[in-house]
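The following explanation concerns charged side chains and their pairing within a protein fold. Please examine the sequence and the coordinates before reading on.

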Amino acid sequence: GRVDVIPHGIELKQFPPRDKSAARKQYAIPADATVLLSMARLCSASKMNYDHLLRFFSRLVRQTETPLLLVIAGADPGTGGQELSRLAHECQVADQVKILANFNDDAKPDILSCADLFLSLSDNLQESFGISVIEAMAAGLPVLCTDWDGHKDIVEDGITGYRISTTWKPTRCREDILAHFAHPYDHTVLQRMSREIRLDTQQLTTRALELIQGRERRTEMGRNARSKAQASYSVKTEIARFLALWQELGEIARRDET
């Protein structure tokens, strides 16, 4: 037997190269800052533990003289934005964190255009792919992400970005873990279980500093990322793969009939 995998596609024409300066003016982002962007739902029980992200960013700020800004963007179904603001103050980086919540989809390309580097530090058991990662690549951004689940298939380490070593060593017994999967979309349960996922924070910081301080490296990886998105993750490519698979299955069925 075999398993055919056809990844999600996106409309690449929605992410053309845009003027970074104009995009930054629109969102009051300093022209001289190196901008790290994270785009996901602003909810602690959904796909990303933002406290880990903010603590990492606070360490990063102390290790470089480069002016940094972390932009966290996404839908806020509750009080996620308020919680993020509280955490940013707790980590003493509130002046270097900008939260953009509940924007329209057509604003996404401009927000991506503001950034120099895309962060996807997803550490949740429900992360299966990463549409936001593909959108960032289509916008020409290098990606710094966890080496986790669907991200492994998207980001080519050292080419379109860096994947950071990520491990899950659950402390509870196997039977307790499996019992939770009776209701796999209980976000609260998944979030609790995901707290035991760990990423290599030293490697993360090293790679982030490499990209922050290396404009040419960022540019090269961003160019590679856009090429990869165009070649592998466009809607046209997705449709062509489905059509080819259906044609092949049809031919197999016809041979079986004879």
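Arg86 has a relative accessible area of 42% and is therefore classed as partly exposed, since that category covers the range between the limits of 20% and 50%. The model in which this residue is seen is a predicted one. The side chain of Arg86 meets that of Glu90 in a salt bridge, with an N to O distance of 2.9 Å. Glu90 has a relative accessibility of 45% and so is partly exposed as well. Both residues belong to helix α3, which spans residues 80-90, and their separation of 4 residues corresponds to about one turn of the helix. This pair is part of a network of salt bridges that links Asp51, Arg55, Glu83, Arg86 and Glu90.

Side chains of opposite charge can pair when their charged atoms come close. In this structure there are 16 salt bridges. Whereas Glu90 and Arg86 share a helix, other pairs join separate parts of the chain.

One of these is formed by Asp116 and Arg24, whose closest N and O atoms are 2.8 Å apart. Asp116 is located in the loop between α4 (108-113) and β4 (117-120), while Arg24 sits in helix α1 (residues 20-26); the salt bridge therefore ties together parts that are 92 residues apart in sequence. Asp116 and Arg24 are both buried.

A further pair consists of Glu156 and Lys228, with 3.5 Å between the closest N and O atoms. This pair also links distant parts of the chain: Glu156 lies in the loop between α6 (151-154) and β6 (161-164), and Lys228 lies in helix α10 (residues 215-232), 72 residues apart. The two partners fall into separate accessibility classes. Glu156, at 32% relative accessibility, is partly exposed, whereas Lys228, at 16%, counts as buried because its value is under the 20% limit.

These pairs may now be placed within the protein as a whole. Its secondary structure comprises 11 helices and 8 strands. Of its 258 residues, 48% are buried. Considering contacts between residues at least 6 apart in sequence, 75% connect residues at least 24 apart. The exposed area of the protein is about 13,600 Å², of which carbon and sulfur atoms supply 49%.

Notes. Residues numbered from 1 in each chain as written. Predicted model: local features only at pLDDT ≥ 70, side-chain atom pairs only at ≥ 80, totals over all residues. Heavy atoms only, no water. Salt bridge = Lys/Arg side-chain N within 4 Å of Asp/Glu carboxyl O. Helix = DSSP H or I, 4+ residues; strand = E, 2+ residues; numbered from the N terminus. Buried < 20%, exposed > 50% of the residue type's maximum accessible area, 1.4 Å probe, protein only. Contact = heavy atoms within 4.5 Å. Areas by Shrake-Rupley, 256 points an atom, 1.4 Å probe, with all protein chains shown as cover.
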